[in-house]
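Thank you all for coming; I would like to take you slowly through one structure today. Please keep the sequence and the picture side by side while I talk.

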Amino acid sequence: MALKEFEEHAEKAKTLPESTTNENKLILYGLYKQATVGPVDTPRPGMLYMREKAKWDAWKAVEAKSKDEAMSDYITKVKQLLEEAAAASA
């Protein structure tokens, strides 16, 4: 998997519309962290930190993937969301 393509899609992900669901944003977050950091390396945030906990859970959900798998899935998901956004605004 080309790191360059992954980095390009990480930039494209920043252009996703505000209407992108939190669920999809969390999927992207988890895949991005897995691709760049690897398996979760921090303890799960406490109950009061709902946003951080949701992000941690999204990352934990994909920790079995290799960095290359996570990169590939991330690129696929960004492409899908950009296509959906383009179709919605057409």
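Let me begin with Ala88, which is exposed, since its relative accessible area is 67%, and the cut-off for calling a residue exposed is over 50%. I should say at once that this is a predicted model, so please hear each value as something computed from that model. Ala88 is found in helix α4, and if you look for Pro39, you will see that the two residues are 49 apart in sequence and 34 Å apart in space, taken from C-alpha to C-alpha.

Now stay on helix α4, which covers residues 67-89, and find Val78 there. Is Val78 buried or exposed? Val78 is buried, because its relative accessible area is 0%, and buried means under 20%. Leaving aside residues up to four places away in sequence, Val78 touches His9, Lys12, Ala13 and Leu28. Val62, for its part, lies 16 residues from Val78 in sequence and 16 Å from it in space, again C-alpha to C-alpha.

Two of those partners of Val78, His9 and Ala13, bring us to helix α1, residues 3-13, whose buried residues are Phe6, His9, Ala10 and Ala13. These buried residues cover an arc of only 110° around the axis, which means that they sit on the same side of α1. And what do the buried residues of α1 pack against? They pack against α2, which is residues 22-36, and against α4.

Let me step back to the whole chain, which has 4 helices and 0 strands, so that, as defined by these runs, the pattern along the sequence reads α-α-α-α. The radius of gyration is 14 Å, close to the 12 Å that the globule rule gives for 90 residues, and therefore the chain is as compact as a globular protein of that length. Its C-alpha atoms fill a box of roughly 40 × 30 × 15 Å along the principal axes. Of the 90 residues, 29% are buried, and if we take the contacts between residues at least 6 apart in sequence, 73% of them join residues at least 24 apart.

Finally, a word about the surface and the charges. The accessible surface of the chain comes to about 5,900 Å², with 56% of it belonging to carbon and sulfur atoms. The chain carries 14 positive and 15 negative side chains, and the centres of these two sets lie 4 Å apart.

Conventions:
Residues are numbered from 1 along each chain as its sequence is written. This is a predicted model: local features need pLDDT of at least 70, side-chain atom pairs count only at pLDDT 80 or more; totals for chains, interfaces and linings use all residues. Side-chain values use heavy atoms; hydrogens and water are left out. Helices (H or I, at least four residues) and strands (E, at least two) are DSSP runs, numbered from the N terminus. The radius of gyration is taken over C-alpha atoms; the globule rule is 2.2 Å times the number of residues to the power 0.38. Buried means under 20% relative accessible area, exposed over 50%, partly exposed in between (1.4 Å probe, protein chains only). Contact means heavy atoms within 4.5 Å. Accessible areas come from the Shrake-Rupley method with a 1.4 Å probe; for residues, only the protein chains shown count as cover. Lys and Arg count as positive and Asp and Glu as negative; His and the chain ends are not counted. The place of a charge is taken as NZ of Lys, CZ of Arg, CG of Asp or CD of Glu. The arc is that of the directions from the helix axis to the C-beta atoms.
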